[in-house]
Amino acid sequence: MVKEPSFSPFLIAGATGSRVGSSELRQKAANVIHETCKYLLKEKSDDSILLLLLIRVIDTLGNYGSSEYEEWSNHRQAWKLESTAIIEPPINFIVSSHSEGKRRPRWALIDKAYMHNTWRSSQSSFHLSRMSGNMFPSDQVTLLMDDLLCLSLHGYETVRRLAAKSILKMMKRWPSTISKCVLTLAEKFRNPSLPENVVLGSCAVLSSQTVLKRLTTDRKALSSFLLGILYSSHNESQKAQKAITELFVKYNIHFAGLSRSIFGGPSQADGTDFAGLVAEIGSMSFETSNLHWRYNLMANRVLLLLAMASRNDPNVPAKVLSQIAGHFLKNLKSQLPQSRLLAISALNTLLKESPHKISAENRVHGQGSLQADPKSSLEEALSSIFQEEGFFSDTLNSLSHVHIITDMDTGSSRGHYGSSSLQSFADKSITRFYFDFSASWPRTPSWISLFGSDTFYSNFARIFKRLIQECGMPVLLALKNALEEFVDAKERSKQCVAAEAFAGVLHSDVLGVSEAWDSWMMVQLQNIIHAPSVESIPEWAASIRYAATGKGKSGTRAPLLRHKVIDCLMKPLPQIVATSVVAKRYTFLSAILIEVSPVGMPESEILVHYNLLDELLSNMSHSSAQVREAIGVALSVLCSNLRLCASFGNDHSNESGASNADITPARSWDRYLVKRASELVTKIQNVSASEALEIPKEKLSENGMSSDHSKDDIKWMETLFHFIISSLKSGRSSVLLDVLVELLYPVISLQETSNKDLSNLAKAAFELLKWRVTREPHLRKAVSIILSLANDPNWRTRSATLTFLRSFMYRHDFILSNMDKQHIWLAVEKLLIDSQLEVREHAAAVLAGLMKGGDKDLVEDFRRRAYEQAAALIKKRKHRSTVSALPVASVHGSILALAACVLSIPYDMPSWLPEHVTLLARFVSEPSPLKSTVTKAIAEFRRTHADTWNVHKDSFTEEQLEVLADTSSSSSYFA
């Protein structure tokens, strides 16, 4: 009972009770255990059982309350697992039998009460020190922690693990002891003769979250921790080196910045201020130091972490960040591949000020509206480095080694490094920094097939762009000679790094870059276009695309040099030039125009689109397949851009250029493509059927165009198929859907021709088109085209239409109108009596698929009519003259319709199926190909129902089973 003045007495459960032991007894016990620990470590250090018991005793004394908490935690977990299996009786002694709610047995409540009391006991013991206001441990607890620290470095792993667990719990209770443990353990790393077990035990304690969090607020502990790891490269044990590396990687992963108390304030007693720490670590990160390359990499990584944590703190001198940025700039030409990769990460992170960049507001007033003397805090330190003779030449040469290009590289590697496959997990964890969290490039999907195998790294291009924005035109002047040298290099790796550097220069938007473009960059780009090499085309295309990437959060603001690059690419090529150069130019134009934002596209860019579109339409019959593919890709980019621009109401080209007769075909490009394609389909089919014309090579003119019209028609159609394929892969097919639906006719009609290249392209477009969902108002047009193709004179076209219908109906069954569904069903039914056998069998297979998931009314109506027609044929079979007078296709169609009904239910046995199967089996005596259809259908029915035949055969009568048995027995040769 508790009594207070002016209040009535009240009862607190557990407030009073018998007390076991006292603080004096605990202190005496701690002293005894301390002496015991010293004796066991000296005399019986191999007795792990005694040591484990000792650790548990120390844990009970030092972490009083923790044993009760563990008991409660284990009991609570067991209760969660077992409570679901408790079967509660309908009546118990706690509540009446008619009360609502969950009833629990009495023992369960008692168990819960015991658990709660155990938890209260653990909490009252744990918070006892906080209630007294003493946040520092007693001398006896300090002795016990020293003992646990020694045990955590023991030779036996089980002893180390349990001791580390106990000491971490004591650290959580008294955080002031963490610094002492860190200083003690980190100092051991510097000992050259350190045993392996000491390193493993130290890493286990230091890698805990408790210690890592403390490092963010304690400068002395942080300095000791970092320097201890970096000075531990002398250890020869592989296990120890692996543990140290894992400790550093974990510190990397959990690093979340540093407290401001670390940067400011007076130096510590040992002189470890922040600037001194950076200077000491920086001296270890040079290649001239005697450190192992991995520890050199760790030192560089620590420098980057410290720079990231301190760059916004006013107490950190600017000289510190300048030294770090200059150090990483020098590391770009490092001989260590991992150091180069880490330097790339660091520079992309540190170079953020961009004082020389022309902002969008300043562009309106001209370049002269910039500040008189913009200067970055890092510019002075960086300028002295990149102005060294041969710096950029050595840097580009070192970065070219990162591009590992093999014949097996078929996928795009943007955002990752070619050398990543050569790095271990630890090395990747150290070098990969902020790349995964930065904005990905390109913003739009990389769907153009010509870009599939490029090794263009946008992070490399971002380095040169930000370096120019940080230090201005001196960087560009220093880079010029090295860039020209690498552009003309024959090695693809050097071409790759030249493309990245050139992309960064073009995208920098700094004061003076326009003058540099006019003086030498435009000539350099023209040389790149006219270069005969084809291996580096994907990298240069990606470079052009990067240079044209829009700026701002939404990417709608054009870079400063985009229109100049477009004008340079739009210049016509010489009269006589290699086809690879022509394809390269069109590829570059596709790359730059795909980054043009259709929203708010200026009138000048719209006019460029129409001029280029007119050029492409006139060259669709080019003699080179490579050029035709590039034209098809460029067409998809241009047409989708124009459609998107018109959808936003920005296309004013009709007002500005409607009187220009030269670009009239481009203005109505959609009608032109559809009309021209429809005209050429019949011609190509006729040529394919006759196979009588062969075009001699002498008829090719100098400009690469074929003078033979039939061959020109095939090449024009190949370009159109490239346009369809690129449009469907681009993700922009929705704005071109009306044109793609109209082009269904040539795609389906030209599946099988004498020209294999044309047929392969038609099949590729077919595979993409058949899965494309078409909505109104284009769906009705698509249905009408499909119905007309189902009646095409060419039987191969009719068969291809049936193949298309399989996927088309699957994708559109829920959005098609009932009228369209009926028309499609009737069209497929009509093909059951087609004159061509292959078409009839194909139609039956399609109908079987439609019946599995089609409209219920249409399925039942078709099944009823198929049964009635087949039954009527059976009745007429008695009159042989009547049956023989019917066309074979008509009889075969009725049998195929019945077979489609049977095959539409592969595993179940509805009530109507036995009659249909039996009726189909009665046609087994018909001549071929009718007999073949019956036997195949019955065999497939038996195969799919074999597993459950013992059950399903009860649905058949004896007579029906006899008929089925007759179809399975073959006539004997000796009968």
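This passage describes the fold, the nonpolar core, the cavities and selected local features of a predicted model.

The protein chain contains 48 helices and zero strands. Of its 975 residues, 50% count as buried. Among contacts between residues at least 6 apart in sequence, 77% join residues at least 24 apart.

The largest nonpolar core comprises 272 residues, and the members that touch the most others are Phe723, Ile724 and Phe808. The greatest contribution to this core comes from helix α15 (residues 293–310), which supplies 11 residues. The surroundings of Phe723 were examined with residues up to four places away in sequence left out of the count. On this basis, Phe723 touches Gly632, Leu635, Ser636 and Cys639, together with Trp669 and Leu673, and also Leu736, Val739 and Leu743.

Two cavities of 30 Å³ or more were found. The largest cavity holds about 80 Å³ of space. Its lining is formed by Leu737, Leu740, Val741, Leu744, Leu769, Arg772, Thr774, Ala782, Phe804 and Phe808. Two or more of these lining residues come from each of α35 and α39, and α35 gives the most, with three residues. By class, eight residues of the lining are nonpolar, one is polar and one is charged. Phe808 thus appears in two settings: Phe808 is among the residues touching the most other members of the largest nonpolar core, and Phe808 also lines the largest cavity.

Helix α38 supplies a further view of this region. The 13 residues of α38 (residues 778–790) should span 18 Å at 1.5 Å a residue, and the end C-alpha atoms are 19 Å apart, which agrees with that expectation. The buried residues of α38 are Leu779, Ala782, Val783, Ile785, Ile786, Leu787, Leu789 and Ala790. Ala782 of this group is also part of the lining of the largest cavity. The cover over the buried residues of α38 includes α35 (737–742) and α36 (744–749), as well as α39 (795–812) and α40 (818–830). Of these covering helices, α35 and α39 also give two or more residues each to the cavity lining.

Pro777 lies in the loop between α37 and α38. The peptide bond that joins Glu776 to Pro777 is cis, with omega near 10 degrees. A cis peptide bond also runs from Ser928 to Pro929, where omega is near 5 degrees. Pro929 is located in the loop between α45 (913–921) and α46 (930–944).

Leu750 belongs to the loop between α36 and α37 (756–769). The relative accessible area of Leu750 is 0%, so this loop residue is buried, the cut-off being under 20%. With residues up to four places away in sequence excluded, the contacts of Leu750 are Val681, Ile684, Gln685, Met717, Phe721, Leu758, Ser759 and Ala762. In addition, the C-alpha atoms of Leu750 and Thr682 are separated by 9.6 Å, although these residues are 68 residues apart along the chain.

A second buried loop residue is Asp509, which is placed between α24 (492–506) and α25 (513–530). Asp509 has a relative accessibility of 1% and therefore counts as buried. The backbone of Asp509 has a phi near 55 degrees, a positive value in a residue other than glycine.

Val487 is situated in helix α23 (residues 473–487). The relative accessibility of Val487 is 9%, and Val487 therefore counts as buried. Beyond residues up to four places away in sequence, Val487 touches Gln495, Ala498, Gln524, Ile528 and Trp540. The separation between the C-alpha atoms of Val487 and Phe502, which are 15 residues apart along the chain, is 9.1 Å.

Lys220, by contrast, counts as partly exposed, at 36% relative accessibility. Lys220 is part of helix α11 (residues 219–230). From C-alpha to C-alpha, Lys220 and Leu183 are 8.2 Å apart in space, with their positions 37 residues apart in sequence given as the distance along the chain.

Conventions: Residues numbered from 1 in each chain as written. Predicted model: local features only at pLDDT ≥ 70, side-chain atom pairs only at ≥ 80, totals over all residues. Heavy atoms only, no water. Helix = DSSP H or I, 4+ residues; strand = E, 2+ residues; numbered from the N terminus. Expected span 1.5 Å × (residues − 1). Buried < 20%, exposed > 50% of the residue type's maximum accessible area, 1.4 Å probe, protein only. Contact = heavy atoms within 4.5 Å. 1 Å grid on protein atoms, 1.4 Å probe; cavity = no way out; pocket = protein on both sides within 12 Å on 5 of 7 lines; lining within 4 Å. Points joined across faces, edges and corners; volume = space filled by probe spheres on them. Nonpolar A, V, L, I, M, F, W, Y, C, P; charged D, E, K, R; others polar. Core = buried A, V, L, I, M, F, W, Y, C linked by side-chain atoms within 4.5 Å.
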